[in-house]
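Trainee: Could you take me closely through the aromatic rings of this model, one pair in particular, and tell me how such a pair is described?

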Amino acid sequence: ASHHEIIVDFSAIAPRPALIITKATESLLHVDDKFVEYFAGMKAAGIPRGCYHFFRKNYDAKTQAKHFVDIVKPNVHKLDILALDIEEGGETASQIIAFCDYVQSALPRNLFMIYSTKLLLNAVLMTQTQKERLRTIPVWSAGYPYDPDMFDSVPVMYAPDQTKWGPVWLWQYSDDGIVGGIGKNN
């Protein structure tokens with residue numbers, strides 16, 4: 001969820017979601033204008049929730065992490081999921097680790113994940129020490145098969161290299177859909 005969707009009443013979403021993850025921040029200064037409202041709405045409706053930071057590789061990773069923590073810390077509880085969204089390509093292992101280290105240090109009780117595609121993650125070059133660190137962080141992988149209902153688990157074709165990245169715990173299998181109670185804000 002983000003400002004791109006219109007959600008008036010989270011309890012009216014049907015079917016009831018098992019989890020919603022919404023955008024919180026991006027880059028150094030941007031805050032999604034629906035983050036606080038949507039995060040509170042998910043809590044009020046009793047929907048498990050999470051939030052993510054959209055990473056921009058041309059800005060300092062630790063500064064981005066601090067921005068994310070400053071915005072989400074007053075709103076998160078220990079059961080909320082936090083995620084780093086990597087979509088540009090060309091990010092470095094050092095950048096990713098710097099972001100993760102800061103967030104996990106500041107909010108150690110929360111589950112922290114990395115969101116991206118197999119293609120983008122596998123392109124990240126890293127040392128053995130960096131691989132060991134990044135394998136400790138679960139992955140939320142994106143990959144869109146023609147018929148996702150054919151799969152009971154994340155297909156190998158969408159899982160990043162498991163010698164470099166943590167286990168895939170979530171799979172985003174579509175980038176479009178219709179859900180009752182959620183409208184598009186174009």
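Mentor: What follows is a look at one ring pair and its surroundings. The model is predicted, so to speak, by computation alone: local features need pLDDT of at least 70 and side-chain atom pairs count only at pLDDT 80 or more, while totals for chains, interfaces and linings use all residues. Residues are numbered from 1 along each chain as its sequence is written, and side-chain values use heavy atoms, with hydrogens and water left out.

A pair of aromatic rings is described by the distance of the centres and the angle of the planes. Rings of Phe, Tyr and Trp (its six-membered ring) pair if their centres lie within 6.5 Å, with planes under 30 degrees apart counted as stacked, over 60 as edge-to-face and the rest as tilted. Nine aromatic pairs are found by this rule. In one of them, the ring centres of F35 and F39 are 5.0 Å apart and the planes meet at 35 degrees, so this pair is tilted. Because F35 and F39 are four residues apart in helix α1 (residues 35-44), about one helical turn separates them; helices here are DSSP runs of H or I with at least four residues, numbered from the N terminus. Both F35 and F39 are buried, meaning under 20% relative accessible area with a 1.4 Å probe and protein chains only.

F39 also has a charge over its face, since R49 lies there at 3.8 Å from the ring centre; the rule asks that NZ of Lys or CZ of Arg be within 6 Å of the ring centre and within 35 degrees of the ring normal. Elsewhere, F55, F68, F99 and F112 form one aromatic cluster.

Technical notes. Helices (H or I, at least four residues) and strands (E, at least two) are DSSP runs, numbered from the N terminus. Buried means under 20% relative accessible area, exposed over 50%, partly exposed in between (1.4 Å probe, protein chains only).
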